[in-house]
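Hi,

Here's the structure I promised to pass on. Have a look at it first, then read my notes below.

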Amino acid sequence: MNTPRTVLTIAGSDSGGGAGIQADIKTISAMGCYATSAITAITVQNTLGVQAVHLVPPDIVRKQIEAVLSDIGADAVKTGMLGSAEAVREVGIALRNHRVQTLVLDPLMYSTSGHPLTDQNAIDAICTHLIPLATLITPNIPEAEILLDGTKLTAQSDLPEAARQLASKYGVSVLIKAGHLPNPTLTDYLYDITARETVPLPSQRVDTRNTHGTGCTLASAIAAALAKGETLTHAVQSAKKYLAAAINAGAELNIGHGHGPVCHFYELCK
C-alpha cells in the first residue's frame with residue numbers, strides 16, 4: 001500500500017483562489033504530496049485586494065489541526081495567515097502536543113495590496129509561540145524589517161546580514177525574499193542555522209502583474225520538498241524552481257482585473 005507524503009497547511013482562505021489555503025493545496029498537490037488544511041480565516045478578496053476578513057474561532061482552528069494530525073499526520077506543516085494572538089497560541093499548543101518536527105512559517109503580515117492581515121499582538125505571539133517551533137521562516141523585506149524591530153532593508157546587499165541577524169535573534173533558519181526590491185535580478189538569501197552558511201538564490205524578475213500568492217506558494221513548495229526528505233537548501237532550491245516555472249507559465253493569464261495568480265499546475269498546461 002502506498003502512503004503519500006503529507007503536508008498540513010494552516011492559513012486563511014482566499015475567495016479569489018490565488019493565495020492562502022487555495023494556493024497552498026494547489027502547490028502541495030503539484031509537488032506530489034497529499035494536502036490537508038486548517039482554515040484560520042475566511043477572507044473576502046479577489047485580484048484587486050482584500051475587502052473583509054472573518055476570523056475562525058481559535059478553538060476551531062486548533063481542533064482542525066488536531067483532527068488532521070491525530071489521524072492522517074503530517075510530514076511537514078506550513079503556516080500562513082493566522083489572524084489573532086489567540087489563534088497563534090492555539091496553533092502552537094496543537095503543534096507541540098503532536099510533536100511536529102518540520103514547520104515552515106510564512107510570517108504573513110500584509111496582503112499584496114497592502115491590507116494588514118496580522119495585528120501587533122499576533123506578531124508578538126508568533127515570535128513567542130511559533131518561531132521557536134519552526135524549521136524555517138520565510139519573511140519578505142517588510143516582514144523582516146518588523147521582525148528586526150524596524151531595521152530598514154533598502155538594498156540587495158542588506159539581505160545576507162539581515163538573514164543572519166534574524167537567525168541569531170530567533171534561533172531558526174531564515175529565507176529572506178527580495179521581491180520588494182526593484183532589481184531585475186532578485187537574490188533571496190537562505191541562512192541555514194544548522195550548517196551556519198548563507199546561500200544566495202538568484203532569479204530573474206518576470207514582467208507580469210500575476211504575482212498574487214507567490215509567498216504562500218513558495219512556503220508550501222518548501223514544506224512539500226521537506227516532507228519528501230530533501231535537505232533544507234535543496235528544498236528551498238526545488239521550491240524556487242517550481243515557483244519560477246509557475247510564474248512564467250502564468251505571466252500571460254487573464255484572470256481578474258488586478259494581481260492575478262501564478263499557474264500552479266503548469267505541467268498540465270503544456
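What follows is a quick tour of some of its helices.

Bear in mind that this is a predicted model, where local features need pLDDT of at least 70, side-chain atom pairs count only at pLDDT 80 or more, and totals for chains, interfaces and linings use all residues. Residues are numbered from 1 along each chain as its sequence is written, and side-chain values use heavy atoms, with hydrogens and water left out.

Let's start with helix H1 (residues 20-30); helices are DSSP runs of H or I, at least four residues, and strands are E runs of at least two, numbered from the N terminus. Its buried residues (under 20% relative accessible area, 1.4 Å probe, protein chains only) are Gly20, Ile21, Ala23, Asp24, Thr27 and Ile28. Down the axis of H1 they fall within an arc of 160° (taken from the directions from the helix axis to the C-beta atoms), so they line one face of the helix. They pack (heavy atoms within 4.5 Å) against strands S1 (6-14), S2 (34-46) and S4 (76-79) and helices H7 (214-227) and H8 (232-250). Just after H1, Gly32 has a positive phi of about 90°.

Next, H2 and H3. The axes (lines fitted to C-alpha atoms over the stretch in contact, with angles from 0 to 180 degrees between N-to-C directions) of helix H2 (residues 58-71) and H3 come within 8 Å and cross at roughly 20°. That makes H2 roughly parallel (under 35 degrees) to H3.

Helix H3 (residues 85-97) also packs with helix H4 (residues 120-130), at about 15° with axes 8 Å apart. H3 and H4 are therefore roughly parallel too.

Cheers

Methods: Parallel < 35°, antiparallel > 145°, perpendicular 65-115°, else oblique. Buried < 20%, exposed > 50% of the residue type's maximum accessible area, 1.4 Å probe, protein only.
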